[in-house]
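Work through the exercises below with the sequence and the model open side by side, trying each task before reading its solution.

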Amino acid sequence: MPDNLPSEHHDHETLKFPEGFLWGAATSAHQVEGNNINSDWWDWEMKNQPPEKRSGAACDQYRLFEQDFDLAKSLNHNAHRLSIEWSRIEPREGEFDEAEIKHYVKVLKYLKSLNLTVMLTLWHFTLPKWVADKGGWENGATVKYFERFVKKIAPEIAEYVDLWVTLNEPGVYIYETYIAKSWPHSNKSWFGQIKTFLNLTSAHRKVYKFLHYLFPAGKPVGIANNILSFESYHKHSLSAQIAVFLNDLFVNHLFYIFTKGTHDFLGINYYFHVRFKDKNWISQRIDMAPQTHDVSDLGWEIYPEGIFDVLTDLADDIPIYITECGIASTNDDRRNRFLISYLQEVARAVRTGVNVRGFFYWSLIDNFEWHLGFEPRFGLVEVDYSNQSRHIRPSALVYADIIQHNGIPHSLLRFIGHTVQAEEVLEKRYKEIGKELEGG
Ligand code: BGC
């Protein structure tokens with residue numbers, strides 16, 4: 001049992017989280033910075049995507065980072081997860097751009113000046129084009145290139161980093177690249193897929209060891225892994241049960257099995273609940289959005305119980321951070337229900353003894369959703385791409401309220417399951433705490 005577990009309480013005011021809980025939001029460099037012209041994604045977008053689906057200036061966070069971090073701070077966040085862009089730092093093989101290194105030092109220093117805990121991702125899907133041209137993660141040498149990059153950058157930024165994430169979602173990368181074939185370097189072989197998996201596990205192990213060797217009394221190192229909640233529609237169907245078992249093994253556990261002993265925490269990105277039907281072994285014909293469930297703008301089912309399931313399933317003797325969890329929706333009322341109901345399930349997991357230490361909502365601001373372009377709106381803060389202005393959504397204030405209480409106030413809990421306008425919830429809530437409804 002974690003020692004920072006909130007003591008059992010019987011008041012009906014607030015559903016409390018453990019003391020020192022990290023509250024924040026997550027982003028990744030290519031999705032927010034803009035103009036990552038030396039990356040494989042940029043090259044692929046220019047050749048394969050229509051203009052409106054290219055990252056272009058994205059959210060221009062490369063220039064506007066101070067403004068965005070100030071917003072996070074003003075919304076009570078005490079932590080922030082972001083990534084650095086390898087293709088900016090090493091645009092050509094072995095050539096490190098000192099100006100870009102300085103830029104990232106400035107970015108991270110700024111976060112620390114706001115007293116935010118910094119979780120830094122070293123690789124979030126994009127590669128320098130020169131690395132991709134040599135075969136990307138299929139090429140064993142990429143492990144060495146990545147290690148060299150980390151050896152260069154880590155000493156420069158380590159003092160501003162509190163938690164390291166070596167890799168973001170190796171499984172999603174492999175799925176989107178090799179199975180769905182929607183991302184750069186598609187059309188490659190099964191063999192390539194296996195090589196990519198093994199090279200990613202090796203890259204993680206090597207960088208983990210390096211970071212601990214470099215900083216013996218160092219900061220925790222882990223990965224952010226996409227963890228799905230799998231279940232079967234037919235409890236007595238052998239094929240559906242086998243499908244659940246195999247998918248759980250491959251998607252949720254395999255990377256950890258291959259990298260055992262090199263995780264100081266588990267970083268969980270939670271988005272999906274998947275049910276298997278009879279006679280559906282490992283195929284992708286799965287029902288992710290049953291009629292009875294609320295869905296996001298991307299058709300992803302809203303299923304709060306799933307986060308409880310994955311947390312209790314993955315619980316180990318190391319801390320867990322929810323490194324990503326969020327919803328694409330232009331209906332902010334839906335985002336409010338999402339936030340409150342998912343966090344309620346996280347609190348339930350904490351109560352049962354799962355050592356959850358933080359939650360990073362995806363995402364702080366609307367951003368570039370990879371091959372889908374800018375349409376999905378995940379942000380707590382809306383971005384008007386015509387002029388790069390930011391507009392705080394009401395859900396950002398609900399989240400700020402939760403953070404301020406380090407828990408979910410009863411008045412917010414009451415709204416789960418009801419269709420109420422976000423503004424209504426907030427007006428009432430802010431009347432109670434004597435604040436004005438601002439922003440947006
Ligand atoms: C990724 C993000 C992505 C988010 C929403 C996660 O799989 O880490 O880059 O934007 O999901 O799809």
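**Exercise 1.** Determine which strands helix H13 lies across, and at what angle to S2 this helix runs.

Solution. Helix H13 (residues 394–405) lies across strand S2 (22–26) and strand S11 (356–362), where contact means heavy atoms within 4.5 Å. H13 runs at about 155° to S2, the axes being lines fitted to C-alpha atoms, for helices over the stretch in contact, with angles from 0 to 180 degrees between N-to-C directions. Helices (H or I, at least four residues) and strands (E, at least two) are DSSP runs numbered from the N terminus. The model is predicted, so local features need pLDDT of at least 70 and side-chain atom pairs count only at pLDDT 80 or more, while totals for chains, interfaces and linings use all residues. Residues are numbered from 1 along each chain as its sequence is written, and side-chain values use heavy atoms, with hydrogens and water left out.

**Exercise 2.** Find the strands with which S4 pairs, and place S4 in the barrel.

Solution. Strand S3 (residues 79–83) pairs with S4 in the parallel sense over five bridges, pairing requiring at least two DSSP bridges between two strands; leucine 82 has leucine 120 of S4 as its bridge partner. Strand S5 (residues 163–168) also runs parallel to S4, joined by four bridges, with valine 165 in S5 as the partner of threonine 121. S4 thus belongs to a closed barrel of eight strands, ordered S2-S3-S4-S5-S6-S8-S10-S11 with parallel pairing. From one strand to the next, the twist averages 25°.

**Exercise 3.** Check how the span of helix H7 compares with the expected span.

Solution. The expected span is 1.5 Å times one less than the number of residues, so the 17 residues of H7 (residues 141–157) should span 24 Å, which agrees with end C-alpha atoms 25 Å apart.
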